[in-house]
Amino acid sequence: MKCIRCGKEVYTSTTTEAIEYDFGVLVVRKVPCYKCKECDEIILTGDVVAKLEKITETMRKLANDVSVVDFSKAA
Ligand SMILES: [Zn+2]
């Protein structure tokens, strides 16, 4: 897999995603991703994006101002 920005090799890593919605913020930790060695571009796969959307939907219903979850535990 190659970086979408600079075309260099990427490696598997994890990142923290902050998702803002109407009434609060959801922070998802330890999200699996690819990271570029050169420019630090972060690439999320379709699977991960779909799971993040699901987590967002679930957390939305709880209506907390700030929520922090681990990707592996929430997904
Ligand atoms: Zn890059």
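Let me start just after helix α1: there, A63 takes a positive phi of about 55°. Helices here are DSSP runs of H or I with at least four residues, strands are runs of E with at least two, and both are numbered from the N terminus.

A word on the model. It is predicted: local features need pLDDT of at least 70, side-chain atom pairs count only at pLDDT 80 or more, and totals for chains, interfaces and linings use all residues. Residues are numbered from 1 along each chain as its sequence is written.

Now the layout. The protein has two helices and four strands. Along the sequence the pattern reads β-β-β-α-β-α. The C-alpha trace spans about 40 × 20 × 15 Å along its principal axes.

Back to α1 for a moment. Does its span come out short, long or in agreement with expectation? The expected span is 1.5 Å times one less than the number of residues. For the 17 residues of α1 that gives 24 Å, and the end C-alpha atoms are 25 Å apart, which agrees.

Next, the hairpin. β1 and β2 form it, with two residues between them. The two strands run antiparallel, and 11 bridges join them. Strands count as paired when DSSP finds at least two bridges between them. One position to look at: E17 stands opposite V28 in β2.

What about burial? I call a residue buried if 20 or more other C-beta atoms lie within 10 Å of its own, exposed if 12 or fewer, and partly exposed in between, with C-beta atoms placed from the backbone. Buried residues make up 15% of the 75 residues.

Which residues form the largest nonpolar core? There are 10: V10, L26, V28, V31, C33, Y34, C36, I55, M59 and F71. Two elements give two or more residues to this core, β2 (24–36) and α1 (46–62). β2 gives the most, with six residues. By nonpolar core I mean a set of buried Ala, Val, Leu, Ile, Met, Phe, Trp, Tyr and Cys residues joined through C-beta atoms within 7 Å. As background, nonpolar side chains tend to be buried together in soluble globular proteins. Note that V28, the residue opposite E17, is a member of this core.

Contacts next. Two residues are in contact if their C-beta atoms, placed from the backbone, lie within 7 Å. Take contacts between residues at least 6 apart in sequence: 57% of them join residues at least 24 apart.

Y34 is a core residue, and a good one to follow. Leaving aside neighbours within four places in sequence, Y34 is in contact with M1, V10, Y11, T12, S13 and I43. V10 on that list is also in the core.

So what of Y11: buried or exposed? Y11 lies in strand β1 (residues 10–21). Y11 counts as exposed, because it has 10 C-beta neighbours inside 10 Å. Beyond four places in sequence, Y11 touches Y34, K35 and K37. Y11 and I42 are 31 residues apart in sequence, and their C-alpha atoms are 9.8 Å apart in space.

On to the loop between β2 and β3 (42–43), where D40 is found. Phi of D40 is near 65°, a positive value in a residue other than glycine. D40 counts as exposed, because it has 10 C-beta neighbours inside 10 Å. E41 lies in that loop too. E41 counts as partly exposed, because it has 16 such neighbours. Which residues does E41 contact, leaving aside those within four places in sequence? C3, I4, R5 and C36. R5 is 36 residues away from E41 in sequence, yet 7.1 Å away in space, C-alpha to C-alpha.

Another positive phi sits at K30, near 55°, and again the residue is not glycine. K30 is in strand β2. K30 counts as partly exposed, because it has 15 C-beta neighbours inside 10 Å.

Last stop, V66, in strand β4 (residues 66–70). V66 is exposed, with 9 other C-beta atoms within 10 Å. Outside four places in sequence, V66 is in contact with G24 and V25. V66 and K30 are 36 residues apart in sequence and 17 Å apart in space, C-alpha to C-alpha.
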